[in-house]
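Trainee: I've got a model open and I'd like to talk through what is packed inside. Could we start with the terms?

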Amino acid sequence: MTERLNKRQRAKALTRQKVIDGARACWAKPGSYVERAPGGAGIREIAKHIKMSTGAVFANFDSKDDLWRAAFDCEPPIDSIMTRAAPALFEALQDLVDAVKAKSEDQPLYPALVAADLLDRVKEQLLDEQAKRENAEAAASLAAAAPSAVELAAA
């Protein structure tokens, strides 16, 4: 025999499902789990998408990772250069598919030109991400090496 849910339990279950559905919609594109990526979505974006508060999301899930696990039944993606570049790569691949479909057979080199452009776009994205990471690491090490105000005052 199944246990019947009371009104509050039903409402909570519906809210939880709405949050999961919103997460699936917001994280549908590759790379969208990483907030810093173009088109990336965090808890705020998901809450906005489902027209609820971030509190409603966190009332049902302890973390963004837990929400991912509930939505996709697997571990969340790792934040890396490739996951941050994934949206640009996905867009570029879609552009390639659309362009090749649109061109006629009298231009046999066109797919190769589009593929070369795709590679350039991906390479540029990856180099930008690498430079940002290196700059952040350099700034962090510079800040760590600088004497604190307490040390300066004591000198």
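Mentor: Sure. Contact, or touching, here means heavy atoms within 4.5 Å. Keep in mind that this is a predicted model.

Trainee: Then which residues does Leu 67 touch, beyond those up to four places away in sequence?

Mentor: Val 19, Ile 20, Ala 23, Trp 27, Ile 43, Ile 46, Val 57 and Phe 61. Leu 67 is also among the residues with the most contacts inside the largest nonpolar core, which has 16 residues. Two or more residues of this core come from each of α1 (7–26), α2 (43–49) and α4 (64–72), and α1 gives the most, with 4. Another core, of 6 residues, lies apart from it and includes Leu 96 and Val 114.

Trainee: Why is Lys 64 called buried?

Mentor: Buried means under 20% relative accessible area. Lys 64 has 16%, so it counts as buried.

Trainee: And what is Lys 64 in contact with, leaving aside neighbours within four places in sequence?

Mentor: Trp 27, Tyr 33, Glu 35, Ala 41, Gly 42 and Ile 43. Lys 64 itself is found in helix α4.

Trainee: Which residues of α4 are buried, and how do you know whether they line one face of the helix?

Mentor: The buried ones are Lys 64, Leu 67, Trp 68 and Ala 71. Looking down the axis of α4, they fall within an arc of 100 degrees, so they do line one face. These buried residues pack against α1, α2 and α3 (54–60).

Trainee: What follows α4?

Mentor: Asp 73, with a positive phi near 55 degrees.

Key:
Residues numbered from 1 in each chain as written. Predicted model: local features only at pLDDT ≥ 70, side-chain atom pairs only at ≥ 80, totals over all residues. Heavy atoms only, no water. Core = buried A, V, L, I, M, F, W, Y, C linked by side-chain atoms within 4.5 Å. Buried < 20%, exposed > 50% of the residue type's maximum accessible area, 1.4 Å probe, protein only. Arc of directions from axis to C-beta.
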